[in-house]
Amino acid sequence: MLSATELTLSYGPQTVLDGVSLTIDGETRAGLVGANGSGKTSLLRILAGNEDAESGKVIVARNSVVEYLPQRNTVPLETTVYNYAEYGFSREAELIAHRNEAAERLISDPEHQGDLQLVSEADHHLEETGYYRRQEQIGRVLDGLGFRVEDHHRPLGEFSGGWRMRAALAKSLLTRPDVLLLDEPTNYLDSEARLWLGTFLRNFSGGFVIVSHDRAFLDETVETVLE
């Protein structure tokens, strides 16, 4: 789904990445470890397309979705917890808009093959992803990360930085990407939420790479260690 070849990156005289190559597919369960300043976050940012390497290349398979959760995330403070988590379904919301436009065109041209195919494929995708049952999915993830039901419709500005990061994690998980890149996801989690996240990742259908100093969490969730 994603491959990186011969990535290099330096900050001034310090080389942090030197000829890094790796492949992430749907079976990848990897932990990325190393000393502070060794380039872990930079590598995730490059893989996510948020930063450019000095040389080398990153290739993402067509139609594959890569989701990156940074250590610190700026969230819209006026948005409620639930609505922010629902951003994880933004691809489906956009697909519905295109699907409805195609359906409108079919009224005047019922035999247009392109629009017929678009509507059919959209309906299949929306059913497969459970978009119309998203309230249940959102509630389950928010509950797993420790949010109470009465928190769902509170604006994020009322929460501490740690709880805002939990909301950002919820959104990333609900995106249901093909590749999930998580930078220190357990920093703001209590033991109960940490256990829930571990279970979620063990059942995750895509590939993931996690940066973490929590050895016990890595032991529970990953099968490969990248140093």
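Reader: What makes Glu 220 partly exposed?

Author: This is a predicted model, and in it Glu 220 has a relative accessible area of 34%. Partly exposed covers what lies between under 20% and over 50%, so 34% puts Glu 220 in that class.

Reader: And why is the contact of Arg 194 with Glu 220 called a salt bridge?

Author: The closest N and O atoms of Arg 194 and Glu 220 are 3.4 Å apart. The cut-off asks for a side-chain nitrogen of Lys or Arg within 4 Å of a carboxyl oxygen of Asp or Glu, so the pair qualifies. Arg 194 sits in helix H7 and Glu 220 in helix H8, 26 residues apart.

Reader: Is Arg 194 itself buried or exposed, and how do you know?

Author: Buried: its relative accessible area is 14%, and the limit is under 20%.

Reader: Which salt bridge does Arg 194 form with Asp 214, and what does the pair tie together?

Author: Their side chains meet at 3.1 Å, N to O. Asp 214 lies in the loop between strand E7 and helix H8, and Arg 194 in helix H7, so the pair ties together parts that are 20 residues apart in sequence. Asp 214 is partly exposed at 23%.

Reader: What about Arg 154 and Asp 151: why do they get different accessibility labels?

Author: Arg 154 comes out at 25%, hence partly exposed, while Asp 151 is buried at 4%; the line between the two labels is 20%. Their closest N and O atoms are 3.0 Å apart, a salt bridge again.

Reader: How many salt bridges does the structure hold?

Author: It holds 15.

Methods
Residues numbered from 1 in each chain as written. Predicted model: local features only at pLDDT ≥ 70, side-chain atom pairs only at ≥ 80, totals over all residues. Heavy atoms only, no water. Buried < 20%, exposed > 50% of the residue type's maximum accessible area, 1.4 Å probe, protein only. Helix = DSSP H or I, 4+ residues; strand = E, 2+ residues; numbered from the N terminus.
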